[in-house]
Amino acid sequence: MTDKPIEEMSFEDAIRELEQVVTQLDRGDVALEDSIKLYERGAALKARCEAKLKEAEEKVAQITLDASGQPKGATPVEGL
């Protein structure tokens, strides 16, 4: 695991670390206190991944196509 703040992680970094957390918890050989900390970090990593996916979906939703189906620009999405 890394000491990098979760809010600064890319989607790829967050999902990679989340997979490590899940693997550690699945093994079941982690002390209770450490398991709780891992679970909390996992929940925060999951939230980061969800937020980054939502950002990507919103960017894709902005793309407008011309009559032939080719991208012609982007339309602003409300709230961004």
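Which helix do the buried residues of H1 pack against? Keep that in mind as you open the model, and we will get there at the second stop.

Before you click, a word on what is loaded: this is a predicted model, in which local features need pLDDT of at least 70 and side-chain atom pairs count only at pLDDT 80 or more, while totals for chains, interfaces and linings use all residues. Residues are numbered from 1 along each chain as its sequence is written, and side-chain values use heavy atoms, with hydrogens and water left out.

**Stop 1: helix H1**

Select residues 11–27, which make up helix H1. Helices here are DSSP runs of H or I with at least four residues, strands are runs of E with at least two, and both are numbered from the N terminus. H1 has 17 residues and reaches 24 Å from its first C-alpha to its last, close to the 24 Å expected at 1.5 Å a residue; the expected span is 1.5 Å times one less than the number of residues. Step just past the end of H1 and you meet Gly28, with a positive phi of about 75°.

**Stop 2: the two sides of H1**

Now highlight Ala14, Glu17, Leu18 and Val21, which are buried in H1. (Buried means under 20% relative accessible area, exposed over 50%, and partly exposed in between, with a 1.4 Å probe and protein chains only.) These residues cover an arc of only 110° around the axis, so they sit on the same side of H1; the arc is that of the directions from the helix axis to the C-beta atoms. An α-helix has 3.6 residues a turn, so residues three or four places apart point the same way. The partner of the buried residues of H1 is helix H2 (32–62). Rotate to the other side of H1 to find Asp26 and Arg27, both exposed.

**Stop 3: Arg48**

Move to helix H2 and pick Arg48. Arg48 is buried yet has no salt bridge, a salt bridge being a side-chain nitrogen of Lys or Arg within 4 Å of a carboxyl oxygen of Asp or Glu. The nearest side chain of opposite charge is Glu55, 5.2 Å away; Lys and Arg count as positive and Asp and Glu as negative, with His and the chain ends not counted.

What does the side chain of Arg48 reach at 3.4 Å? Show the backbone oxygen of Ile6, and you have it. Then add the backbone oxygen of Met9, which lies 2.7 Å from a polar atom of the Arg48 side chain. Leaving out residues up to four places away in sequence, Arg48 touches Ile6, Glu7, Glu8, Met9 and Ala14, where contact means heavy atoms within 4.5 Å.

**Stop 4: salt bridges**

The model's count comes to seven salt bridges. Select Lys4, Asp13 and Arg16 together to see a network of them. Between Lys4 and Asp13, the closest N and O atoms are 3.9 Å apart; Arg16 and Asp13 meet at 3.0 Å, N to O. Arg16 and Asp13 are three residues apart in helix H1, so about one helical turn separates them. Color by accessibility and Lys4 is partly exposed at 34%, as are Asp13 at 29% and Arg16 at 46%.

For another pair, go to Arg27 and Asp29, whose closest N and O atoms are 3.3 Å apart in a salt bridge. Both Arg27 and Asp29 are exposed.

**Stop 5: strand E1**

Finish at Thr64 in strand E1 (residues 63–65). Thr64 is partly exposed at 22% relative accessibility. Draw a distance from its C-alpha to that of Thr23, 41 residues away along the chain, and the separation is 41 Å.

Technical notes: A polar contact is a pair of N or O atoms within 3.5 Å; within protein, one must be able to donate a hydrogen and the other to accept it, and residues adjacent in sequence count only if both atoms are side-chain atoms.
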